[in-house]
Amino acid sequence: MRTREQLYDMIRRQKALYVGSVDGDGFPNIKAMFAPRRIEGDSIYLSTNTSSMRARQFAENSKASVYMAEGGEGIMLLGTMEVLHDAESKRSIWRDEDVMYYKEGVDDPDYCVFKFTAQRGRRYCAGESEDFLTAEL
């Protein structure tokens, strides 16, 4: 099993994460998203569009998953996703190059932050898998 720091180092190395949401009919939806902007405790912060389907889904049902793979190892995290619109959250992960997606800059109404908070996970490696609680890492 990886330590908490090893797990977060793996997350930081990712160019993309796969995020799962639940649609209105109860079906899982998976989407690739850009690399995390910040990791704090058990929370991962991502940049996205307020107008996105995923933002609407998480506003209705906060259950979420995040998946990443590296080499022969895959890690799935399960938890909740908050959609944050406050200025402090938006500024905390803003990058100057984001203006290519949000023409009005950090205050663009179509810019928001996803805050994923992991509660548990599952690790797959070398043909074996194990469940873990993030609090126990």
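A residue is called buried when its relative accessible area is under 20%. By that cut-off Gly105 counts as buried, because its relative accessibility is 13%. This is a predicted model, and Gly105 makes a handy place to start looking around in it. Gly105 sits in the loop between helix H3 (87–93) and strand S7. Pick Thr134 as a second point, and the two C-alpha atoms turn out to be 34 Å apart in space, with the two positions 29 residues apart in sequence.

Other pairs of residues give their own numbers. Leu77 belongs to strand S6 and is buried, with a relative accessible area of just 1%. From Leu77 to Ser65 the step along the chain is 12 residues, and the C-alpha atoms lie 5.5 Å apart. Helix H3 contributes another example, Ser89. Ser89 has 14% relative accessibility, so it counts as buried. Its C-alpha lies 8.3 Å from that of Cys112, a residue 23 positions away in sequence.

Next come the charged side chains. The structure holds 10 salt bridges, and a few of them are worth a visit. Glu73 and Arg123 pair up in one of these, with 2.5 Å from N to O. What does this pair tie together? Glu73 lies in strand S6 (residues 73–84) and Arg123 in strand S7, so the bridge links parts that are 50 residues apart in sequence. Both partners are tucked away from the surface by the cut-off used above: Glu73 counts as buried because its relative accessibility is 7%, and Arg123 counts as buried because its value is 17%.

Strands S6 and S7 are linked by another pair as well. Lys115 and Glu82 meet in a salt bridge with an N to O distance of 4.0 Å. Here Lys115 is the partner in S7 and Glu82 the one in S6, so this bridge ties together parts 33 residues apart in sequence. Glu82 is partly exposed, with a relative accessible area of 37%. Elsewhere, salt bridges that share partners join Glu5, Asp9 and Arg12 into one network.

One more salt bridge brings together the side chains of Arg38 and Glu40, at 3.6 Å from N to O. Are these two residues buried or partly exposed? Arg38 is partly exposed, with a relative accessible area of 24%. Glu40 also counts as partly exposed, this time at 44%.

Now for the hollows. The largest pocket has a volume of about 300 Å³. A total of 16 residues line this pocket, and the ones nearest its centre are Phe34, Arg37, Ser47, Tyr101 and Tyr102. Where does the lining come from? Strand S2 (28–34) and strand S4 (43–49) each supply at least two of its residues. S2 provides the largest share, with 4 residues. As for chemistry, the lining is a mix: 7 of its residues are nonpolar, 4 are polar and 5 are charged.

The surface has a feature of its own. Tyr18, Ile30, Tyr67 and Tyr124 come together there as a nonpolar patch, and their accessible area adds up to about 390 Å². Among these four, Tyr124 belongs to strand S7 (residues 111–125). Tyr124 is partly exposed, since its relative accessible area is 32%. That value fits the patch rule, because a residue needs over 30% relative accessible area to be included.

Last stop is Ala126, in the loop between S7 and strand S8 (128–133). What is the sign of its phi angle? Phi of Ala126 is positive, near 50°, in a residue that is not glycine. Ala126 also counts as exposed, because its relative accessibility of 73% is over the 50% cut-off for that label.

Conventions:
Residues are numbered from 1 along each chain as its sequence is written. This is a predicted model: local features need pLDDT of at least 70, side-chain atom pairs count only at pLDDT 80 or more; totals for chains, interfaces and linings use all residues. Side-chain values use heavy atoms; hydrogens and water are left out. Patches are made of residues with over 30% relative accessible area and no salt bridge: like charges are joined within 9 Å, nonpolar side chains (Val, Leu, Ile, Met, Phe, Trp, Tyr) within 5 Å. Accessible areas come from the Shrake-Rupley method with a 1.4 Å probe; for residues, only the protein chains shown count as cover. Buried means under 20% relative accessible area, exposed over 50%, partly exposed in between (1.4 Å probe, protein chains only). On a 1 Å grid over the protein atoms alone, a cavity is a set of points where a 1.4 Å probe fits but cannot get out, and a pocket is an open set with protein on both sides within 12 Å along at least five of seven lines; lining residues have an atom within 4 Å of a point. Grid points are joined across faces, edges and corners, and a volume is the space filled by probe spheres set on the points. Ala, Val, Leu, Ile, Met, Phe, Trp, Tyr, Cys and Pro count as nonpolar, Asp, Glu, Lys and Arg as charged, and the others, Gly among them, as polar.
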